[in-house]
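Reader: I am new to this structure and would love a close look at one part of it. Could you pick a buried helix, walk me around it, and then show me how its surroundings fit with the rest?

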Amino acid sequence: MLGAIGVVFGDIGTSPLYAMKESFIGPHPLAVDHLHIFGVLSLIFWTLMMIVTIKYVLVAMRADNRGEGGSFALLALISSHLENRQKGALLILGVLAAALFYGDAMLTPAMSVLSAVEGLTIIEARLEPLVLPLSVVILMGLFLIQSRGTAKVGAFFGPIVIIYFITLAGLGIANIANHPSILGIVDPRWAIAFFQDDARLAFLAMGSVFLAVTGAETLYADMGHFGRKAIGLSWVSLAFPALMLNYMGQGALLLANPAAVENPFFLMAPDWARLPLVLLATCATIIASQAVISGAFSVTHQAIQLGFLPRLKILHTSEKAAGQIYIPAVNWGLLIMVLVLVIGFGQSTRLASAYGISVVGTMLITTAMLAFLLFKVWRWNRFAATATIVLFATIDTAFFMSNIAKIADGGWVPLLIAGIIFTVLTTWAKGRAILRKHLDDETMSLDVFARTTAKSIHRVKGTSVFLSASKDGVPPALLHNLKHNQILHENVVLLTVEVAEVPRLDPADRLEKHTVADGFHRVIVHYGFTEEINLPRDLAPLTQQGIPLDPMRTSWFLGRQKLIAAREIAGMALWREHLFAWMLKASESAMDYYRLPANRVVELGSQIRI
């Protein structure tokens, strides 16, 4: 529970920094009066209750794929129960959710750190010119230390988040004591009265109210790290009460002093406590940013394993926890985009217009995927399933529509980012399918090859391992080796790596071996989509099964294709073929990705027109 509070709730925990402020002085300002204060707070309370408590904690977090949560885990859990046509639609939804998550991973650090540092202007207005440079320095520092590992960053800042949540509650209680009537906002009639007074303005305000639940998706995505029970109990016992006490405290402050709307979070504190509060909030925003950065690394790793991204350099930052990884390309890409957003928007109020739309898009997709789950996998009672999905879909759609109003003010930014990433993910997946079909069309049956061609070839001592994308036929690398060197080893292993639609597999199910003919073996290595691939380590048991894998007498043969985009060959649009060819060229070498010994690897290249 302590770990979950320190990491999982960092994002949603920093929402009080800006949610109330943006609701009143955002793109669609509200009068700071009794009706609007109670109306906004009632909307925040019921939004947190319906979306976080009911949708995520009670329903979505039960949909774990062997303990893992998140879009790809949910996609893998459902897809095995669907027909091919339904799988296609679901696949697009899952990839789109992942693309939207990357947009959120860029906006969360920018929005949260900028909001915290802006607290300095409450202490001293003349410090305003320092806000942007300080935010840039903090963000650069955060991304520079990522290579040291999530555990070290979390261990340092985690306990601070506990103190931060206690402070949220303390500030709220101190202000509620001045206006105890603010506790009445739990009555949904205040939200209804807000809509009855001005339905259009209330609908537009929902776009800012939604900022209170940004980070809710992290509860589900990080379930594999801490477990459903720990996250659920942490939310109900600490995070939710602390957040609502703080929001009600801000409301009580605004009832007493409407001018405090310029930054109610920091103005709740007495003068002497504001600088410590700025420092505490900045630390909390750093850990909130850490959560989404770590999430981006995890999602990228899953996307690579499931075939939506090319191989990237992945560094494991912990000897004990396999899930703690660092991906340099993702880290530096995120840093560049975060700095562009901070410098481009300049203020958290402007950035708030861009924030939220990617999160609500992801939530809407999660609801659609939950519909498949409830009807096709869990097979709930039709009435209960329909009522649940209609409730979630109505709430998500309402927030999505209200956030669409922010597109012109900056909401187009995360949509553009998501569109680019969606194109990259789908281009790689389709390009791989085209490439594999091309290679399969030209392959030779292993059975025929082993009993005819191979019998007349000179055999030398040792073992050769040929990596093959397909578990049928002879890999192109073997044919190229035969063409140029005209020899075969005594033991030939045709090796295929298969990633299952589950996060982890039992080590006993790792290897699948078939002996095809004298000295020819087909081996399939199975992994879950969150597991680290290390072929020399995982193939070691083959030695006991009659295949000698002496490191000094085993050669690894890899095929490397150079793609030539051809307009006359049906496949993808020419620009997508060029993009796929570039991604293939820029991908991490199979030698490094599969942890193969550099001095025992032979790469055989070929050109392919697609």
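Author: What follows is a tour that starts at helix 11 and moves outward from there. Please keep in mind that this is a predicted model.

Let us begin with the helix itself. Helix 11 covers residues 199-209, and because eight of its 11 residues are buried, it is largely enclosed by the rest of the structure. The buried ones are Leu-201, Ala-202, Leu-204, Ala-205, Met-206, Gly-207, Ser-208 and Val-209. What lies over them? The cover includes helix 3, helix 4 (34-59), helix 10 (189-197) and helix 20 (382-404).

Next to this helix there is some empty space. The structure holds one cavity of 30 Å³ or more, and the volume of this largest cavity is about 40 Å³. Its lining is made of Glu-22, Ser-23, Pro-27, His-28, Leu-204, Ala-205, Gly-207, Ser-208 and Lys-406. Helix 3 and helix 11 are the elements that give two or more residues to this lining, and helix 11 gives the most, with four. Sorted by class, the lining of the largest cavity has three nonpolar, four polar and two charged residues. Leu-204, Ala-205, Gly-207 and Ser-208 therefore appear twice in our tour: they are among the buried residues of helix 11, and they also line the cavity.

Helix 3 deserves a stop of its own. It is part of the cover of helix 11, and it also holds Lys-21, whose side chain meets that of Glu-118 in a salt bridge (3.7 Å, N to O). This pair links distant parts of the chain: Lys-21 sits in helix 3 (residues 19-25), while Glu-118 is in the loop between helix 6 (84-117) and helix 7 (120-123), 97 residues apart. Both Lys-21 and Glu-118 are buried.

Helix 10, another part of the cover, brings us to a second salt bridge. Asp-187 and Arg-189 meet through their side chains at 2.7 Å, N to O. Here Asp-187 is partly exposed, with a relative accessible area of 22%, whereas Arg-189 is exposed at 61%. Farther along the sequence, Asp-538 and Arg-537 form a salt bridge as well (3.0 Å, N to O). Asp-538 counts as buried because its relative accessibility is 12%, under the 20% cut-off, and Arg-537 is partly exposed at 43%. In total, the structure holds nine salt bridges.

Helix 6 leads us on to an open space. Along with helix 17 (328-345), helix 21 (407-441) and helix 25 (574-586), helix 6 supplies at least two residues of the lining of the second largest pocket. That pocket holds about 670 Å³ of space. Its lining counts 21 residues, and the closest to the centre are Leu-309, Ala-329, Val-330, Ile-421 and Val-424. By class, the lining of the second largest pocket divides into 18 nonpolar, three polar and no charged residues.

One last stop takes us from helices to strands. Strand 5 (residues 511-517) and strand 6 (residues 520-527) run antiparallel and are joined by six bridges. Glu-512 stands opposite Ile-524 of strand 6. The two strands form a hairpin with two residues between them, and Gly-519 in the turn has a positive phi of about 80 degrees.

Conventions. Residues are numbered from 1 along each chain as its sequence is written. This is a predicted model: local features need pLDDT of at least 70, side-chain atom pairs count only at pLDDT 80 or more; totals for chains, interfaces and linings use all residues. Side-chain values use heavy atoms; hydrogens and water are left out. A salt bridge is a side-chain nitrogen of Lys or Arg within 4 Å of a carboxyl oxygen of Asp or Glu. Buried means under 20% relative accessible area, exposed over 50%, partly exposed in between (1.4 Å probe, protein chains only). Contact means heavy atoms within 4.5 Å. On a 1 Å grid over the protein atoms alone, a cavity is a set of points where a 1.4 Å probe fits but cannot get out, and a pocket is an open set with protein on both sides within 12 Å along at least five of seven lines; lining residues have an atom within 4 Å of a point. Grid points are joined across faces, edges and corners, and a volume is the space filled by probe spheres set on the points. Ala, Val, Leu, Ile, Met, Phe, Trp, Tyr, Cys and Pro count as nonpolar, Asp, Glu, Lys and Arg as charged, and the others, Gly among them, as polar. Two strands pair if DSSP finds at least two bridges between them.
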